[in-house]
Amino acid sequence: MDVGFGRNKKEQLEPVRARVTGKIPTWLQGMLLRNGPGMHTVGETRYNHWFDGLALLHSFTIRDGEVYYRSKYLRSDTYNANVEANRIVVSEFGTMAYPDPCKNIFSKAFSYLSHTIPDFTDNCLINIMKCGEDFYATTETNYIRKINPQTLETLEKVDYRKYVAVNVATSHPHYDAAGNVLNMGTSIVDKGKTKYVIFKIPATVPEDRKKGKSPLKHTEVFCSIPSRSLLSPSYYHSFGFTENYIIFLEQPFKLDILKMATAYIRGVTWASCLAFHREDKTYIHIVDQRTRKPMPTKFYTDPMVVFHHVNAYEEDGCLLFDVVAYEDSSLYQLFYLANLNQDFEEHSRLTSVPVLRRFAVPLHAAQDAEVGSNLIKLTSTTARALKEKDNQVYCQPELLYEGLELPRINYAHNGKRYRYVFAAEVQWSPIPTKILKYDILTKSSLKWEEEHCWPAEPLFVPTPGAEDEDDGIILSAIVSTDPQKPPFLLILDAKSFTELARASIDVDMHLDLHGLFIPDADWDARKQTPSQEAWDRASDCHGAPQT
């Protein structure tokens with residue numbers, strides 16, 4: 001599907017004024033900042049996987065009922081090295097590259113030791129993270145890149161390893177009420193141990209405020225969980241969070257460290273070192289934030305692959321958490337560029353549909369309960385936790401909804417009881433065709449769809465002073481497979497799911513992955529938005545918006 005995947009996208013360095021139809025709520029002032037792969041060929045070379053593409057940042061600045069768009073490639077070290085060589089010289093997860101194409105097997109053997117635990121790419125293409133007053137493009141390696149939200153300029157490169165011993169880290173951190181960042185990473189064979197490390201970055205450091213220093217240097221290890229296998233740690237993309245607990249799923253989708261250590265010399269990708277072990281269990285680790293220690297009870301469930309946690313909360317002595325789960329790892333396989341042809345929509349079928357599953361974990365497992373008894377007494381869910389011998393509990397989920405991905409919630413309810421999930425509906429194909437609002441309480445849903453439209457992750461922005469959980473709007477960047485239809489920013493009323501407005505842009509917009517909305521109230525809009533002269537230039541060049 002060349003329109004969505006294979007073709008490199010052009011940057012839009014100067015702001016473009018969108019054509020707005022409908023009416024944007026007057027209170028909606030700020031910037032939608034998004035990230036995703038935009039370049040898949042460099043010179044005569046081509047990435048193997050869509051998730052390997054070079055990061056392309058883009059933003060929608062919403063100001064007084066108008067929308068301005070711009071995009072820019074992340075000037076990572078990876079980007080610069082590739083462009084300078086006019087070919088791919090930095091390896092990505094699904095593409096192994098060699099800086100010197102003339103290297104023979106002996107020189108490869110000599111240098112492969114440096115790739116045993118590789119120095120990963122800084123092609124930060126997955127998400128945007130807010131850390132103190134700064135914003136970072138993130139991926140799943142140990143590197144993040146600071147960016148300027150206004151200009152999309154790439155700033156300094158940050159190595160998590162300077163602050164915490166992790167080789168990889170997630171792109172889905174959590175933010176507590178004070179704005180502190182909580183994230184997870186894996187420490188591979190560090191001092192003879194492989195462990196999952198939960199770390200915390202403070203929102204601000206008072207003594208450094210005047211010096212303008214980043215709070216990253218005050219990163220602390222919150223807790224660590226030993227890997228069940230020294231040489232085969234679990235892959236994970238996100239984790240769960242409540243006021244008192246952290247939920248980590250150690251799933252049987254594992255990275256073989258020994259295979260990874262020889263991948264470079266064997267000329268195979270790191271992705272080939274990932275395997276789903278369907279005979280294994282998924283282990284549920286619950287960390288008590290007050291003691292900073294995992295609960296001793298061994299909770300587990302059936303083998304599954306989870307990329308996205310939705311939300312979690314505590315209720316009557318139980319911990320409930322919702323995830324989008326697959327029965328295998330077929331999703332990753334479908335996005336190899338060799339599979340992304342003209343018949344992709346019709347012929348690429350997931351072997352496992354993503355299902356919204358609710359799990360319930362008893363926080364105080366009854367020692368005197370009978371083996372085989374259900375430890376969950378809640379009436380709000382059919383999820384069960386069955387007591388077994390040897391302090392083990394088998395968790396059986398409630399199946400809430402089939403066929404959704406890229407879930408978002410009203411983040412004011414993160415870690416708390418909530419009702420609504422906003423997501424892309426995907427069913428058996430990995431391509432989203434609808435935006436979905438799912439009501440967990442009534443098990444009902446509302447949908448938005450339009451022919452030839454592929455919606456991105458729907459992001460919820462609350463109405464100022466809102467009391468209802470769904471009082472706000474949904475933002476989603478929409479690309480079209482119809483060349484006659486320009487891409488647009490869709491603005492939905494989150495309560496009714498009716499369209500309020502759309503902002504169409506005559507640009508080469510890419511499919512993105514994740515991002516965030518920055519309200520003007522959260523930053524100095526005067527300093528962080530383009531000057532009035534820049535807006536005027538955009539208006540002069542591209543005409544007044546249509547209403």
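Buried means under 20% relative accessible area. That cut-off serves the close-ups below, which show a predicted model.

**View 1. Threonine 186, a buried residue in strand S14.** Threonine 186 is found in strand S14. Its relative accessibility is 3%, so threonine 186 counts as buried. The side chain of threonine 186 also has a partner. It makes a polar contact with the side chain of tyrosine 236, at 2.8 Å.

**View 2. Alanine 165, a partly exposed loop residue.** Alanine 165 sits in a loop. Strand S11 (154–159) lies on one side of that loop in the chain, and strand S12 (168–169) on the other. Alanine 165 has a relative accessibility of 43%, so this residue counts as partly exposed. Lysine 195 is 30 residues away from alanine 165 along the chain. The C-alpha atoms of the two are separated by 10.0 Å.

**View 3. Strand S32, covered on both faces.** Strand S32 spans residues 434–439. Six of its six residues are buried. Lys434, Leu436 and Tyr438 make up one side. Ile435, Lys437 and Asp439 make up the other. Charged names appear in both groups, and these residues are buried too: Lys434 on one side, Lys437 and Asp439 on the other.

**View 4. The strands paired with S32.** Strand S31 (residues 420–425) runs antiparallel to S32, and six bridges join the two. Within this pair, tyrosine 420 stands opposite aspartate 439. Strand S33 (residues 444–449) also pairs with S32 in the antiparallel sense, again over six bridges. Here lysine 437 of S32 stands opposite leucine 446 of S33. S32 and S33 form a hairpin with four residues between the strands. In this hairpin, lysine 443 takes a positive phi near 60°.

**View 5. Helix H3 and its two ends.** Helix H3 covers residues 257–266. Its buried residues are Ile257, Met260, Ala261, Ala263 and Tyr264. They lie on the same side of H3, because they cover an arc of only 140° around the axis. An α-helix has 3.6 residues a turn, so residues three or four places apart point the same way. Aspartate 256 caps the N-terminal end of H3. A side-chain oxygen of aspartate 256 lies 3.1 Å from the backbone nitrogen of leucine 258. Glycine 267 follows H3, with a positive phi near 70°.

**View 6. The largest pocket.** This pocket has a volume of about 1500 Å³. Its lining has 50 residues. Nearest its centre lie Tyr175, Arg408, Tyr411, Ala412 and Asn414. Several strands give two or more residues to this lining, including S8 (127–131), S24 (305–315), S30 (404–408) and S39 (514–519). The lining residues divide into 23 nonpolar, 17 polar and 10 charged.

**View 7. The largest cavity.** Which residues lie nearest the centre of the largest cavity? They are Phe51, Ile126, Glu140, Tyr235 and His237. The cavity has a volume of about 1000 Å³, and 50 residues line it. Among the elements that each supply at least two lining residues are S12, strand S14 (181–190), helix H4 (330–334) and strand S34 (453–455). The lining holds 35 nonpolar, 10 polar and five charged residues.

Definitions and conventions:
Residues are numbered from 1 along each chain as its sequence is written. This is a predicted model: local features need pLDDT of at least 70, side-chain atom pairs count only at pLDDT 80 or more; totals for chains, interfaces and linings use all residues. Side-chain values use heavy atoms; hydrogens and water are left out. On a 1 Å grid over the protein atoms alone, a cavity is a set of points where a 1.4 Å probe fits but cannot get out, and a pocket is an open set with protein on both sides within 12 Å along at least five of seven lines; lining residues have an atom within 4 Å of a point. Grid points are joined across faces, edges and corners, and a volume is the space filled by probe spheres set on the points. Ala, Val, Leu, Ile, Met, Phe, Trp, Tyr, Cys and Pro count as nonpolar, Asp, Glu, Lys and Arg as charged, and the others, Gly among them, as polar. Buried means under 20% relative accessible area, exposed over 50%, partly exposed in between (1.4 Å probe, protein chains only). Two strands pair if DSSP finds at least two bridges between them. The arc is that of the directions from the helix axis to the C-beta atoms. A polar contact is a pair of N or O atoms within 3.5 Å; within protein, one must be able to donate a hydrogen and the other to accept it, and residues adjacent in sequence count only if both atoms are side-chain atoms.
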